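Reader: Please give me a close look at one helix of this model and what surrounds it. I would like the cut-off behind each term stated where the term comes up.

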Amino acid sequence: MARFRRRTCIILLLFILFICSIMMALKTLRPDRAGFGDPFGLGLLPELQQRTVLLDNKQNSLNRIQGDTATRVSNSHGIAVNTMKASMPPANKLEEELSSPNYNFHIFYYSWFGNPQFDGKYIHWNHPLLPHWDPKIANNYPKGRHNPPEDIGANFYPELGSYSSKDPSVIEAHMKQMRSASTGVIVLSWYPPGMADENGEPTDDLVPVILDYANKYNLKVTFHIEPYKDRDDRSMYHNVKYIIDKYGGHPAFYRHKTSTGRFLPMFYVYDSYVTIPEIWANLLTVSGSQSIRNTPYDALFIALLVEERHKHDIHRSGFDGMYTYFATNGFSYGSSHHNWASLKAFCDSNNLMFIPSVGPGYIDTSIRPWNNHNTRNRVNGKYYETAFSAALLVRPEIISITSFNEWHEGTQIEKAVPKRTGQVVYLDYKPHKPNVYLELTQKWSEKYRKEQEQWLM
C-alpha cells in the first residue's frame with residue numbers, strides 16, 4: 001500500500017510539472033496581432049468574396065462625437081502635436097521589432113479622411129455616389145451620399161473605423177503598418193496650401209506631423225502632386241520650391257540617389273497627361289523658359305502613363321520617368337502587366353525610370369456603382385502576388401504600391417475587418433487576418449531585395 005501511495009504521488013507530481021510547463025510555453029507565445037509571429041502561407045483559394053457578420057466594430061465607437069465637438073475641433077491640431085511628442089518610444093526598440101524599410105518600395109498614401117471628433121464632420125467617408133456621364137445609364141443607378149460611420153464610401157471597412165487623418169493614433173498606426181510591410185517611401189497625396197480635391201479639405205498643414213511620425217519609423221516621404229486648379233509650368237515651379245523650402249530639411253524628406261551620385265527629391269505627378277508636353281518642357285528641360293533644371297529645386301519628376309502614346313509625350317516633356325498607378329490589370333495600357341516589358345525597354349533606351357504600380361485588387365462600386373466591369377477580385381492575395389511577379393520580371397529600380405489606404409477604390413492594403421450593418425455588407429480579407437496584405441508586401445519586399453542583389457552581380 002505504501003508503495004502504491006508513493007507511486008501515485010510521483011505520478012501526480014509529474015502531472016503537475018507537465019501542466020506547469022505547458023502554461024509557461026503558452027505564456028511565451030506572441031499574440032495574433034504581433035506582425036510576423038505566426039507561420040505565413042496563403043491557401044490562394046478561389047475568390048469567395050465572403051461577407052461575414054461581425055459584432056459592432058469597437059474601434060468605430062471612438063469616431064463618434066462625445067461632448068462638445070467644436071471644442072475638440074479647435075484643439076485637434078494641438079492634440080496631434082502634443083501626443084506626437086509624448087508618445088515616442090526609443091527608436092532602437094522599434095528597429096528590433098519591425099522589418100527593415102525598403103526604400104525602393106514606394107506606397108501611395110492619402111491623408112484626406114475626417115470625422116466629427118477631429119474635423120467637426122465626416123470627410124471622404126461620406127463620399128457621394130458619382131453619376132455615369134451618360135444620363136441614360138446614370139438613371140439606372142442610385143444617387144446621394146454615404147452616411148458614416150456605419151455606411152462609408154468603400155467596399156471594405158477599415159479596422160480603425162471611419163478615422164480622421166489628423167488623429168495622432170491613426171497616423172502612428174499607419175506608419176507602423178507601412179513599416180511592418182517593409183515599405184520605405186510614403187508617396188503622400190498633395191495639394192497646394194488652401195487647395196483640396198472636390199470632396200475634401202486642405203491637408204498641407206498635416207505634412208509636418210506626417211513627416212515626424214514617418215521619421216520615427218525610419219520611413220521617408222515624397223509627394224504625389226495632384227491635378228490642382230491651374231496647374232502649369234509656373235505654378236509647379238512655385239509649388240516645388242515651396243515643398244523643398246518648407247520640408248526639404250526634414251530627415252524624413254525623401255531624396256533618391258541617381259546614377260550620377262546626386263541625391264534629388266522625387267515628385268510623382270498625377271494626371272500629368274492633361275497638360276501638353278510644351279508646357280511641361282518649359283519647366284523640365286534645360287532650355288525651358290521656367291526651367292527648374294540645375295537649380296536648387298531640381299528633382300526627379302515622374303509622370304503618369306495611361307495610354308501608349310503618353311510615353312513619347314513624357315520623354316518630350318522632360319520628365320525623368322513614368323509610373324502606371326492603376327491597380328486594374330487591363331484597365332489601361334500602362335496598368336496592363338503584359339505591356340511592362342516594352343515600357344521598361346523604352347525607358348531604358350531613353351534614360352528614363354520605369355516604376356510599375358502593383359495593387360491587391362480594385363473595386364469602386366461604393367462610389368461608382370456603374371463601374372463593376374473594372375472590379376478586380378483579390379483572389380485571397382493571388383492577384384497581388386501576380387502583379388508583384390510581373391513587376392519583378394522587368395527588373396525595375398523602384399516598385400510603387402497602389403495603395404495603402406485608397407479605400408474608395410478598394411486598393412488598400414491597410415488592415416480591414418468584416419462588417420455588416422443594416423443593409424450594407426462589406427467585403428473583407430477572410431479567411432486571412434486583417435494584416436494579410438501587409439505580410440504579403442513584406443514577403444515580396446524581401447524577395448525583391450534578394451533579386452536586386454542578383455541583378456547587380
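Author: What follows starts with the chain, takes up one helix, and then moves to its surroundings.

This is a predicted model, in which local features need pLDDT of at least 70 and side-chain atom pairs count only at pLDDT 80 or more, while totals for chains, interfaces and linings use all residues. Residues are numbered from 1 along each chain as its sequence is written, and side-chain values use heavy atoms, with hydrogens and water left out.

The chain has 13 helices and 14 strands; these are DSSP runs numbered from the N terminus, helices being H or I of at least four residues and strands E of at least two. Of its 457 residues, 54% are buried, where buried means under 20% relative accessible area, exposed over 50%, and partly exposed in between (1.4 Å probe, protein chains only). Among contacts between residues at least 6 apart in sequence, 75% join residues at least 24 apart, a contact being heavy atoms within 4.5 Å.

The part chosen here is helix 11, residues 340-349, where Trp340, Leu343, Lys344, Phe346 and Cys347 are buried. These residues lie on the same side of helix 11, because they cover an arc of only 160 degrees around the axis, the arc being that of the directions from the helix axis to the C-beta atoms. Their cover includes helix 10 (310-317) and helix 12 (382-393), along with strand 8 (321-323), strand 9 (353-355) and strand 10 (357-358). After helix 11 comes Asn351, with a positive phi near 55 degrees.

Helix 11 also takes part in the largest pocket, as one of the elements that give two or more residues to its lining; the others are strand 1 (102-109), strand 5 (255-257), strand 9 and helix 13 (436-455). The search for such space uses a 1 Å grid over the protein atoms alone: a pocket is an open set of points with protein on both sides within 12 Å along at least five of seven lines, a cavity is a set where a 1.4 Å probe fits but cannot get out, and lining residues have an atom within 4 Å of a point. Grid points are joined across faces, edges and corners, and a volume is the space filled by probe spheres set on the points. The largest pocket holds about 880 Å³. Its lining counts 35 residues, with His256, Thr258, Ser259, Met353 and Glu397 nearest the centre. By class, 15 are nonpolar, 10 polar and 10 charged; Ala, Val, Leu, Ile, Met, Phe, Trp, Tyr, Cys and Pro count as nonpolar, Asp, Glu, Lys and Arg as charged, and the others, Gly among them, as polar.

Helix 10, part of the cover over helix 11, also brings in salt bridges. The structure holds 20 of them, each a side-chain nitrogen of Lys or Arg within 4 Å of a carboxyl oxygen of Asp or Glu. One joins Glu278 and Arg316 at 3.0 Å, N to O. This pair links distant parts of the chain, Glu278 in helix 9 (residues 277-284) and Arg316 in helix 10, 38 residues apart. Glu278 counts as partly exposed at 42% relative accessibility, and Arg316 does so at 47%. Another salt bridge joins Asp313 and Arg309, with the closest N and O atoms 3.8 Å apart. Asp313 is partly exposed, at 22% relative accessibility. Through shared partners, salt bridges join Glu278, Glu307, Arg309, Asp313 and Arg316 into one network.
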